Amino acid sequence: MPTNLLDSHDVRIEKTVSLVNIMELPKLDTRPTLRPQRTTACITHPQLSPAVNEVRVGMAEMKIENKPVELVTSVGSCVALCIYDSANRCGGLAHVMLPHSSIASNDSLPSKFADTAVPALAKAVREIGRQEACLSAKIAGGANVFLNLKGLGPAIGLKNVEAVKAALNANKIWLAAEDVGGSYGRRIVFNVKTGVVVVRFSNGEIKKL
Amino acid sequence: MNANMVPLKTVNTKDKFNNLDILLEIGSMGAGHATTSLSKVLHEPIKIEVPRVHVLPPHLVPRIYEKHDTVVAATFMQLRGAADCDIMLIFEQGESKKIAKLMIAAITEEEATPEMERSAIEEMGSIVLCSFLNAMADFTLTKLVSTPPQLIIDSFDSIMDGLLIKQALCSEIAVVFDARFKRYASSTEGFLITFPSDKLQRKLAKKGKKWLNREIFTQNGLPSDLIGFDSGSVKARM
């Protein structure tokens, strides 16, 4: 039965094609049409979305936003710490450079060190929201870009990651996702409204956290 | 030259020049030599910008370059011995590929494998960085021995990350020597970035001051540092 049906269908199509005069076909509009920007496009290709503003977070910096923007940073051995507040749909990103604030003295940037960045960022995200916050964290980075760097152990990236995890534990913030280690640098795009983190490696690989 | 020439005034550098000026001067000399060697390798004229020395906190260093996510090929070297120093030669990936093609011009494009390209870029970096170090070492009469070169292809910021973490561990202020150059035929710049450690800075500055402080002309009217030469032969040359 199904084969017969298929056959008849094919025949019908052939007939209709033969009946149509080529000259009467409507002209195809070759001009480029303006298509509406799809929101899904910005998740898979963060660079192709002009609709969403990108805010760059520099080294050892911290930025908190409650507008629909994307926080962008690039990390190698450093760790990008994203804290998202799902109740108020806001969040912040900190570029963590070093594991412990005991290394340097009188530093004015709390976001530079893992043990001070987590409480500072969590406090700032809590302050920006109106309702009671519901925090979750995502981290990425801690790669080992240099094979052997004299004067710096090979595990500085992993030390950073461990310090951030310990600080998150101490501050009772849930670690929702992580992408750490490896030997390639990462570009991190954190959508503050949705809480989605897109990690793009320098070799072109893309991961969604 | 007159044998009874009055010696010129000696320059008192103790308060006139600070260490960074001397470092910049020595570095500029090295950068000049490095550019010359690059030009010789590629058989092409190379433009060079006047080198600069930046003194700033380590986390602000990426702002000098503003190359955040650009994928670059960096040849990385370090100094052996007590005086530590990180040196990098950075080209954008496309530019480095073009340079590699120029270097292996005898071979057809199909034969130029990615491995060969990598090797060519590494070799070019090694030549340029070694001539940079050689020039500085010759001038200051020091011994600067480097580790073998290491090629890293990654985004600019992630390469700088590791080095800046190291700088931040050492001190709160990083000193960056920054030289930029480009081929006449291309529009993208190459960077020679050096992070001299405190020890190397002091060492180079000390040697440089010694050179500047010496009596420029001795009694018979010849530069005093031409010790190896017989004075007669020098006069004959002049």
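Me: Which side chain meets that of Arg180(B) in a salt bridge?
Reply: Happy to look, with a note first: this is a predicted model, where local features need pLDDT of at least 70 and side-chain atom pairs count only at pLDDT 80 or more, while totals for chains, interfaces and linings use all residues. Residues are numbered from 1 along each chain as its sequence is written, chains are lettered from A and ligands numbered from 1 in the order in which they are written, and side-chain values use heavy atoms, with hydrogens and water left out. A salt bridge here is a side-chain nitrogen of Lys or Arg within 4 Å of a carboxyl oxygen of Asp or Glu. At 3.9 Å, N to O, the partner of Arg180(B) is Glu189(B).

Me: Is Glu189(B) buried, partly exposed or exposed?
Reply: Buried means under 20% relative accessible area, exposed over 50%, and partly exposed in between (1.4 Å probe, protein chains only). Arg180(B) has 12% relative accessibility and so counts as buried. Glu189(B), with a relative accessible area of 21%, is partly exposed.

Me: Which residue of chain A forms a salt bridge with Asp69(B)?
Reply: The closest N and O atoms of this pair, Asp69(B) and Arg187(A), are 2.6 Å apart. The pair crosses between chains, from the loop between helix H3 (62-65) and strand E3 (71-78) of chain B to strand E8 (residues 186-191) of chain A; helices (H or I, at least four residues) and strands (E, at least two) are DSSP runs, numbered from the N terminus. The chain A partner is buried, with a relative accessible area of 7%. That residue is Arg187(A).

Me: How many residues apart in sequence are the parts that Lys166(B) and Asp86(B) tie together?
Reply: Lys166(B) and Asp86(B) form a salt bridge, with the closest N and O atoms 3.0 Å apart. Because Lys166(B) lies in helix H6 (residues 156-170) of chain B and Asp86(B) in strand E4 (residues 85-92) of chain B, the distance along the sequence is 80 residues.

Me: Which element gives the most to the largest nonpolar core?
Reply: A nonpolar core is a set of buried Ala, Val, Leu, Ile, Met, Phe, Trp, Tyr and Cys residues joined through side-chain atoms within 4.5 Å. The largest one has 51 residues, and Met97(A), Ile188(A), Val61(B), Tyr65(B), Met160(B) and Ile193(B) touch the most other members. With seven residues, the element that gives the most is H6(B).

Me: How many disulfides are there over all chains?
Reply: A disulfide is a pair of cysteine sulfur atoms within 2.5 Å. By this rule, the count over all chains is zero.
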